[in-house]
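Here is a friendly walk through one structure, taken sheet by sheet and then on to its domains and ligands. Keep the viewer open as you read.

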Amino acid sequence: MFKYTCLNPIADVGLNNLTDEYTKTDDFAEADAVLVRSAAMHDMELSDNLCAVARAGAGVNNIPLDKCADKGIVVFNTPGANANGVKELFVTGMLLAARDVVGGIEWAKENADNENISKDMEKAKKQFAGTELMGKKIGVIGLGAIGVLVANVANRMKMDVYGVDPFLSVNNALSLSRDVKIVKSYEEIYKNCDYITIHVPLLEDTKGMLNKEAFDKMKDGVVILNMARDTLVNDDDMKAALESGKVAKYVTDFPNPAVMKMPNVIATPHLGASTAESEDNCAVMAVDEIRNYMENGNIVNSVNYPNCDAGVCDTKGRITVCHKNVPAMLNRITNVFSEANINIAHMTNKSRGNYAYCIFDIDSESSADVADKLSAVDGVLKVRIIK
Ligand SMILES: NC(=O)c1ccc[n+]([C@@H]2O[C@H](COP(=O)([O-])OP(=O)(O)OC[C@H]3O[C@@H](n4cnc5c(N)ncnc54)[C@H](O)[C@@H]3O)[C@@H](O)[C@H]2O)c1
Ligand SMILES: O=C(O)[C@H](O)COP(=O)(O)O
């Protein structure tokens, strides 16, 4: 039996895939598994029984990844599951920036009782006019699940698309339209593009990357779109760039008090993934990941441990071990099996950065005694008996 908790509402279509083996608890401290969207977990006390956290979404900056890894808690996300939702909000944002659609709508509302609205609007509309997207240059920073969809849709809208991603994966490169120009430097995007949209994770390296230095290299009147995270943009520098007209419009899915006081901001309240389809996709994927890990010990789509998949166990027992990625660990761990006279029929070991993970399929039933001895090995972070 497993206990799970949801720190945010998670779509029923996913939760319904949890079997009778799972019971819901509202007590975070007793949960074996956690489902979360954007709830901030950094200050939460992580209990010893917590095994897995599944982020029903992409960004994991709300989760203490290393702290979890140190406690043998595997954190998952759901790559690509909400990418289409974000892409569609991006298109909305770009269209709202191209003409002052919002100003126009406000004008129409304000003139609700104006008998002469039909006549007056023909004079008023000039102030809301804009430009078309076709033929404009757009730069996409970050060509991951979302960036690829964004680049391709902009290409289909007949924009001239530039993309940059120093870690572009082969799969994402293959998914990009051949018309997208992949460039090597941000500078090529900055100097050429009329629209710049950012789709990278918030990391130490990316924090504040759209700052004065970057704005200074951009074209006058550039439109910036940020559907990724607020602090990718330096607020003070954005304020100055908007006030000077260097940036004509800032479209963001992450309003904050500073941003909301700036001119020419178009803000939505973190709506990128808030579609029925994205919420369902994320919930289904997150629950699958939790089930595969809790029931089989397999890791798929982790962001702090290596992916490691040994399928369904067909031997008498399966034990999994989260451990530090340091020399001699495998020796020390397998010695415990040898000393207990247990034959390892199949073993999978993968590492990622400072952490590693083993799945041992053994020819004997797993025992609490062996699990205790494994837990006592220096560098072992968590041991689970799967079967
Ligand atoms: N507004 C929303 O509701 C919403 C929804 C989903 C995701 N997001 C945000 O969007 C981000 C991207 O999501 P995704 O699904 O495309 O993730 P992803 O992991 O598929 O793609 C991220 C891409 O950014 C690239 N990257 C990393 N550092 C970079 C850098 N310094 N310069 C250029 N590229 C860099 C990576 O190589 C990767 O290809 C998430 O981390 C999240 O913060 C927001
Ligand atoms: O990173 C993400 O997936 C998005 O920011 C969506 O967040 P949400 O699930 O809280 O809407």
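## The parallel sheet

This is a predicted model, and a good place to begin is an open sheet of 7 strands. Its pairing is parallel, and the strands follow the order S8-S7-S6-S9-S10-S11-S12. Which strands stand at the edges? They are strand S8 (181–182) and strand S12 (265–267); each has a single partner strand, so one side of each is left without a neighbour in the sheet.

At the S8 end, strand S7 (residues 160–164) runs parallel to S8 and is joined to it by 2 bridges. Look there for Tyr-162, which stands opposite Lys-181 in S8. Helix H6 packs on this sheet, where it touches strand S6 (137–141), S7 and strand S9 (195–198). The direction of H6 makes about 165 degrees with that of S7.

## Three domains

The domain assignment splits the chain into domain 1 (1–82 + 276–304), domain 2 (83–267) and domain 3 (306–387). Note that domain 1 is written as two segments. Between domain 1 and domain 2, the C-alpha centres lie 32 Å apart. Their contact takes 7 residues from domain 1 and 8 residues from domain 2. On the side of domain 1 that touches domain 2, the residues are 1 nonpolar, 5 polar and 1 charged.

## Ligand 1, between two domains

Where does ligand 1 lie with respect to domain 1 and domain 2? Both domains give residues to the shell around ligand 1, so this ligand lies between them. There are 32 residues around ligand 1, and those that come nearest are Gly-59, Gly-144, Ile-146, Phe-167 and Gly-272. Helix H3 (83–98) and helix H6 (145–156) are the elements that give two or more residues to this shell. The largest share, 3 residues, comes from H6, the helix that also packs on the parallel sheet.

By class, the shell around ligand 1 contains 17 nonpolar, 11 polar and 4 charged residues.

## Ligand 2

Around ligand 2 you will find Arg-37, Ser-38, Gly-57, Ala-58, Gly-59, Asn-82, His-270, Gly-272, Ala-273 and Ser-274. Sorted by class, these give 2 nonpolar, 7 polar and 1 charged. If you are selecting atoms in the viewer, Gly-59 and Gly-272 deserve a second look: they are listed around ligand 2, and they are also among the residues that come nearest to ligand 1.

## The antiparallel sheet

Now move to the other open sheet, in which 4 strands pair antiparallel in the order S14-S15-S13-S16. Strand S14 (344–352) and strand S16 (380–385) are its edges, and because each has a single partner strand, one side of each is left without a neighbour in the sheet. From one strand to the next, the twist averages 15 degrees.

S14 and strand S15 (residues 355–362) run antiparallel and are joined by 8 bridges. Within this pair, His-346 stands opposite Asp-361 in S15. Helix H13 (residues 329–339) packs on the sheet, touching strand S13 (317–324), S14, S15 and S16, and its direction makes about 25 degrees with that of S15. Helix H14 (residues 368–375) lies across S13 and S16, running at about 165 degrees to S16.

## An annotated stretch

What does the UniProt record say about residues 318–387? The unreviewed entry carries the annotation "domain: ACT" for them. Over this stretch the chain is 27% helix and 43% strand, and the end C-alpha atoms are 5 Å apart.

Definitions and conventions:
Residues numbered from 1 in each chain as written. Chains lettered and ligands numbered in written order. Predicted model: local features only at pLDDT ≥ 70, side-chain atom pairs only at ≥ 80, totals over all residues. Near = placed C-beta within 6 Å. Nonpolar A, V, L, I, M, F, W, Y, C, P; charged D, E, K, R; others polar. UniProt positions renumbered as here; feature names shortened; annotations may be inferred. Domains from an automatic or database assignment. Pairing = 2+ DSSP bridges. Contact = placed C-beta atoms within 7 Å. Axes fitted to C-alpha atoms, helices over the stretch in contact; angles between N-to-C directions.
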